[in-house]
Amino acid sequence: MIMKFFMTTLFILCHGICLAQDLPGGQKNSTSLTAEQAAELVLKANKSNQSLNLDRLTSIDREVAHELARLKGFSLSLKGLTSI
């Protein structure tokens, strides 16, 4: 019983690892995001039931915000955002 609980918890934690660790195109430390990149991230997150952690972004434009708004029912973190 304890092993089932442990394995289930481990699975949930591993599955919840943020999708957006790497931006499309290998831009690991970028502080910006294009609308196309945002659309790709949202599409992947929606298909795999994952959240997006985009705390490294400092600014997004209207088109990026529009794409990020398409995220369905999962968390979106933008703690580093200083302007839209």
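Which backbone nitrogen does the side chain of Asn53 reach, and at what distance? That is the opener for a set of exercises on this predicted model.

**Exercise 1. Track down the partner of the Asn53 side chain, then describe the setting of Asn53.**

Solution. Start with the element: Asn53 sits in strand 1. Now follow the side chain, which reaches the backbone nitrogen of Asp55 at 3.0 Å. Next, check the cover. Asn53 has a relative accessible area of 31%, so it goes down as partly exposed. Finally, look across the fold: the C-alpha atoms of Asn53 and Leu76 are separated by 5.9 Å, although these two residues are 23 apart along the chain.

**Exercise 2. Work out the order of helices and strands, and get a feel for the chain as a whole.**

Solution. Count the elements to begin with: there are three helices and two strands. Walking from the N terminus, you meet them as α-α-β-α-β. Then turn to the contacts. Of those with a separation of 6 or more, 63% join residues 24 or more positions apart. For the surface, the chain exposes about 5800 Å², and 61% of that comes from carbon and sulfur atoms. As for the inside, buried residues make up 27% of the 84 residues.

**Exercise 3. Find the largest nonpolar core and say which helix gives the most to it.**

Solution. A bit of background first: in soluble globular proteins, nonpolar side chains tend to be buried together. Here the largest nonpolar core has 13 residues. Leu33, Leu52, Leu54, Val64 and Leu68 are the ones with the most contacts inside this core. Helix 2 (35-48) and helix 3 each supply at least two of its residues. Helix 2 gives the most, with five residues.

**Exercise 4. Locate both salt bridges and compare the settings of the residues that form them.**

Solution. You're hunting for two salt bridges in the structure.

- *Pair one.* Glu40 bridges to Lys44, with the closest N and O atoms 3.2 Å apart. Both residues are in helix 2 and lie four residues apart, so about one helical turn separates them. Glu40 is partly exposed because its relative accessibility is 31%. Lys44 is also partly exposed, at 44%.
- *Pair two.* Arg70 bridges to Glu67, and here the closest N and O atoms are 3.4 Å apart. Arg70 has 42% relative accessibility, so it counts as partly exposed. Glu67 has 18%, and buried means under 20%, so Glu67 counts as buried.

**Exercise 5. Glu67 is a buried residue; find where it sits and what it touches.**

Solution. Place Glu67 first: it belongs to helix 3 (residues 62-68). Then set aside the neighbours within four places in sequence and list the remaining contacts of Glu67, which are Ala35, Ala38, Ala39 and Val42. Add the salt bridge with Arg70 and you have the picture around this side chain.

**Exercise 6. Pick out what is unusual about the phi of Asn49, then describe its surroundings.**

Solution. The rule of thumb is that most residues other than glycine have a negative phi. Asn49 isn't a glycine, yet its phi is positive, at about 55°. Where is Asn49 found? Look in the loop between helix 2 and strand 1 (52-53). Is Asn49 buried or partly exposed? Its relative accessibility is 47%, so Asn49 counts as partly exposed.

Notes
Residues are numbered from 1 along each chain as its sequence is written. This is a predicted model: local features need pLDDT of at least 70, side-chain atom pairs count only at pLDDT 80 or more; totals for chains, interfaces and linings use all residues. Side-chain values use heavy atoms; hydrogens and water are left out. Buried means under 20% relative accessible area, exposed over 50%, partly exposed in between (1.4 Å probe, protein chains only). Contact means heavy atoms within 4.5 Å. Accessible areas come from the Shrake-Rupley method with a 1.4 Å probe; for residues, only the protein chains shown count as cover. A nonpolar core is a set of buried Ala, Val, Leu, Ile, Met, Phe, Trp, Tyr and Cys residues joined through side-chain atoms within 4.5 Å. A polar contact is a pair of N or O atoms within 3.5 Å; within protein, one must be able to donate a hydrogen and the other to accept it, and residues adjacent in sequence count only if both atoms are side-chain atoms. A salt bridge is a side-chain nitrogen of Lys or Arg within 4 Å of a carboxyl oxygen of Asp or Glu.
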